[in-house]
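Student: I should like to understand how the terms used for a structure are justified. May we go through one together?

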Number of protein chains: 2
Amino acid sequence: MTIKTEVTTEELSSVLKLLGEKTRMSIMQYVYEREFCVCELVELLGMSQPAISQHLRKLKDAKLVQEKRRGNWVYYKINDEHQVYYVIEKILIELPSIENKLQELERQNLLCD
Amino acid sequence: MTIKTEVTTEELSSVLKLLGEKTRMSIMQYVYEREFCVCELVELLGMSQPAISQHLRKLKDAKLVQEKRRGNWVYYKINDEHQVYYVIEKILIELPSIENKLQELERQNLLCD
DNA sequence: CTCCTATATAAGTAAATGCTTATATTATAA
DNA sequence: TTATAATATAAGCATTTACTTATATAGGAG
């Protein structure tokens with residue numbers, strides 16, 4: 001039996017505040033699919049590296065994503081143990097598919113590692 | 001058969017941006033329950049009348065709520081025909097119950113009309 | 001070690017945000 | 001009509017935000 005921990009309005013709205021920004025929402029969508037390194041996200045989202053890094057920092061501070069360094073690259077993935085992960089998931093599955101963009105990335109040989 | 005309209009990342013994140021503010025999230029929670037006039041929301045949320053009005057304006061502009069004037073009072077309720085209402089609902093049902101606050105409001109005779 | 005690549009951080013800045021106070025609008029009632 | 005109550009709007013302001021550019025850090029390769 002799973003006991004669902006009660007969430008405060010403040011906690012939930014602070015998560016939604018982070019998702020309420022197009023770029024961060026997209027990042028979340030990508031790292032929900034699989035892990036991505038920073039440079040891949042830079043390509044996918046067409047934004048500067050510092051901009052992406054700063055968004056990732058906020059997501060990491062909120063424990064929405066996890067990072068793992070592999071050589072020069074730092075990979076980010078969604079934290080599926082976040083307190084409101086089940087809510088986040090419900091939101092992310094509503095977004096349009098990112099498959100096209102992933103294929104495009106692969107086609108252009110922009111995948112790292 | 002219901003056809004679920006595709007939602008863009010931008011549209012969804014703009015809605016989440018509005019919910020990503022504690023006061024507005026609370027307003028949405030209240031008007032999800034039933035209609036409320038502005039002065040009731042002012043009492044419930046303990047904020048100034050202009051502050052509440054301004055939040056309601058944003059929610060109305062985004063078509064998240066509907067207004068209806070009745071005499072001096074303007075009542076707001078959730079717009080259950082919003083494009084992503086089904087997502088909003090999934091979020092709102094996760095919030096802690098507001099029953100206590102409603103009872104308190106009633107006890108103090110602060111209900112309008 | 002030195003060089004290079006990936007990433008993070010710092011500082012600066014323009015724009016957006018959420019309040020405040022003051023005032024306008026709208027409807028009811030006298 | 002005038003007065004009053006509920007709400008909306010305007011203007012001002014402090015804070016936050018999301019970028020930019022420049023620089024720091026960290027690891028791999030030679």
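Tutor: We may, and let us begin with the DNA. Of the 24 residues around DNA strand C, those that come nearest are Cys37(A), Cys39(A), Pro50(A), Ser48(B) and Pro50(B). Please keep in mind that this is a predicted model.

Student: What makes a residue count as one of those around DNA strand C?

Tutor: The cut-off is a distance: the C-beta atom of the residue, placed from the backbone, must lie within 6 Å of the strand. For DNA strand C, 24 residues are found around the strand.

Student: Which elements supply the surface near DNA strand C?

Tutor: Two or more residues each come from helix 3 (38-45), helix 4 (49-61) and strand 3 of chain A, and also from helix 4 (49-61) of chain B. Helix 4 of chain A gives the most, with 6 residues. Sorted by class, this surface has 10 nonpolar, 10 polar and 4 charged residues.

Student: Which residues come nearest to DNA strand D?

Tutor: Around DNA strand D there are 23 residues, and Ser48(A), Pro50(A), Cys37(B), Cys39(B) and Pro50(B) come nearest. At least two residues each are supplied by helix 4 of chain A and by helix 3 (38-45), helix 4 and strand 3 of chain B. Here helix 4 of chain B gives the most, with 6 residues. The surface near DNA strand D has 10 nonpolar, 10 polar and 3 charged residues.

Student: How do you know what relation holds between chain A and chain B?

Tutor: Chain A is superposed on chain B by a rotation of 180° with 0.0 Å of shift along its axis, and the RMSD is 0.0 Å. That is the relation of a two-fold axis.

Student: Why is it said that the copies meet through the same surface?

Tutor: Of the interface residues of chain A, 100% are also interface residues in chain B, and therefore the copies meet through the same surface. In this interface, 21 residues of chain A are in contact with 21 residues of chain B. On the side of chain A that touches chain B, helix 1 (9-19), helix 2 and helix 5 (85-92) of chain A each give two or more residues. The largest share, 7 residues, comes from helix 1 of chain A. By class, that side has 9 nonpolar, 5 polar and 7 charged residues.

Student: Why is Met28(A) called buried?

Tutor: A residue is called buried if 20 or more other C-beta atoms lie within 10 Å of its own. Met28(A) has 23 other C-beta atoms within 10 Å, so Met28(A) is buried. This residue is found in helix 2 of chain A. Leaving aside residues up to four places away in sequence, Met28(A) touches Leu19(A), Leu64(A), Ile78(A) and Leu92(A).

Student: Where does helix 2 of chain A lie with respect to the strands?

Tutor: Helix 2 (residues 22-33) of chain A lies across strand 1, strand 2 and strand 3 of chain A, and runs at about 90° to strand 3 of chain A. These 3 strands form an open sheet in the order 1-3-2, with antiparallel pairing.

Student: What makes strand 1 and strand 2 of chain A edge strands?

Tutor: Strand 1 (36-37) and strand 2 (65-70) of chain A each pair on one side only, and they are the edge strands.

Student: How do you know that strand 1 of chain A pairs with strand 3 of chain A?

Tutor: Two strands pair if at least two bridges are found between them. Strand 1 of chain A is joined to strand 3 (residues 73-78) of chain A by 2 bridges, so the requirement is met. Within this pairing, Phe36(A) has Tyr76(A) as its bridge partner.

Student: What joins the strands of chain B?

Tutor: In chain B, strand 1 and strand 3 (residues 73-78) pair in the antiparallel sense over 2 bridges. Phe36(B) stands opposite Tyr76(B), and Cys37(B) stands opposite Tyr75(B). Strand 2 and strand 3 of chain B pair over 6 bridges, likewise in the antiparallel sense. One of the partners there is Trp73(B), which is bridged to Arg70(B). The hairpin of these two strands has 2 residues between them, and in it Gly71(B) takes a positive phi near 70°.

Definitions and conventions:
Residues numbered from 1 in each chain as written. Chains lettered and ligands numbered in written order. Predicted model: local features only at pLDDT ≥ 70, side-chain atom pairs only at ≥ 80, totals over all residues. Helix = DSSP H or I, 4+ residues; strand = E, 2+ residues; numbered from the N terminus. Contact = placed C-beta atoms within 7 Å. Axes fitted to C-alpha atoms, helices over the stretch in contact; angles between N-to-C directions. Least-squares fit on C-alpha atoms with pLDDT ≥ 70 in both. Nonpolar A, V, L, I, M, F, W, Y, C, P; charged D, E, K, R; others polar. Buried ≥ 20, exposed ≤ 12 C-beta atoms within 10 Å, placed from the backbone.
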